[in-house]
Amino acid sequence: MRALPFAAATLAAAFLLTGCSDDDGGKDTGASAAAKSGGACAIGEMGVRVGPANAAPAAGDTGNVPVTITNKSGAKCTLDGLPGVGLAAGGTTAKVESDPAATARKTSLAKDASISFTITYVRGEKGGDRSLAVTSADFTLPGSTKTHAFKWSYGDVALKKDGQTPDATVSGFQESSD
């Protein structure tokens with residue numbers, strides 16, 4: 001009996017979404033030319049919120065750091081691909097690999113809408129030779145080279161067996177309710 005109400009709710013949501021419009025009533029919102037044409041989302045036109053995280057409490061534990069971006073450009077923009085993430089420690093930056101389950105897809109982000117991705121990492125032993133003493137992280141959006149940096153306060157990150165690659169992944173973009 002649960003399948004019928006769920007199916008009805010899903011159908012109602014689909015109808016509701018198809019009734020949405022990007023029409024701004026012909027007003028000039030002052031958005032960039034790229035955003036007005038549905039171009040790539042730019043970090044400078046996004047609001048960024050990092051966390052709240054469920055930090056890994058001890059070495060060997062897994063933690064998740066969500067990053068939510070909100071389109072503040074005044075018009076729809078597009079994300080076509082996956083976010084790029086780097087972890088900085090001791091003057092060098094190590095690239096975080098995409099989660100193997102992450103799918104690069106084209107997503108339109110409406111004005112004032114939010115979307116998120118998650119950095120998942122394994123906590124390393126503080127000061128250990130198989131750990132990266134991360135002090136900050138940064139990310140780029142697909143189609144952009146501009147980065148947004150933030151302080152990393154979630155502990156050292158373990159290194160994979162090669163001793164250089166962080167034991168961390170970044171997810172694809174996920175719809176956000178914020």
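This passage describes the nonpolar core, the disulfide and three buried residues of a predicted model.

The largest nonpolar core of the model has 32 residues, and those with the most contacts inside it are Phe139, Leu141 and Trp152. Two or more residues are given to this core by each of the strands β2, β3, β4 (84-89), β5 (92-98), β7 (114-122), β9 (136-140) and β12. Of the elements that take part, β7 gives the most, with 4 residues. When residues up to four places away in sequence are not counted, Trp152 touches Val65, Leu87, Ile119, Tyr121, Val134, Thr135, Ser136, Ala137 and Val157.

The chain also holds 1 disulfide, and a disulfide in general is a covalent bond between the sulfur atoms of two cysteines. In this model the bond joins Cys41 to Cys77, with a distance from S to S of 2.0 Å. The torsion about the S-S bond of Cys41 and Cys77 is about 90 degrees, and the disulfide is therefore right-handed. Because Cys41 lies in the loop between α2 (33-36) and β1 (46-50), whereas Cys77 belongs to strand β3, the pair ties together parts that are 36 residues apart in sequence. Cys41 has a relative accessibility of 2% and so counts as buried, and Cys77, at 1%, likewise counts as buried.

Ala168 lies in strand β12, which covers residues 168-170, and is buried, with a relative accessible area of 3%. Although Ala168 and Asp99 are 69 residues apart along the chain, their C-alpha atoms are separated by 8.4 Å. Apart from residues up to four places away in sequence, Ala168 touches Val96, Glu97, Thr120, Tyr121 and Val157. Tyr121 and Val157 are also among the residues that Trp152 touches.

Two serines combine a buried position with a polar contact to the backbone. Ser73, in the loop between β2 (62-71) and β3 (77-81), has a relative accessible area of 9% and is therefore buried, since the limit for this class is under 20%. A polar atom of the side chain of Ser73 lies 2.8 Å from the backbone oxygen of Ala75. Ser131, by contrast, is found in a strand, β8 (residues 131-132), and counts as buried at 14% relative accessibility. The side chain of Ser131 reaches the backbone oxygen of Glu125 at 2.8 Å. Leaving aside neighbours within four places in sequence, Ser131 is in contact with Glu125 itself and with Gly124, Asp156, Val157, Ala158 and Leu159.

Conventions
Residues numbered from 1 in each chain as written. Predicted model: local features only at pLDDT ≥ 70, side-chain atom pairs only at ≥ 80, totals over all residues. Heavy atoms only, no water. Buried < 20%, exposed > 50% of the residue type's maximum accessible area, 1.4 Å probe, protein only. Contact = heavy atoms within 4.5 Å. Polar contact = N/O pair within 3.5 Å; in protein donor to acceptor, adjacent residues only side chain to side chain. Core = buried A, V, L, I, M, F, W, Y, C linked by side-chain atoms within 4.5 Å. Disulfide = S-S within 2.5 Å.
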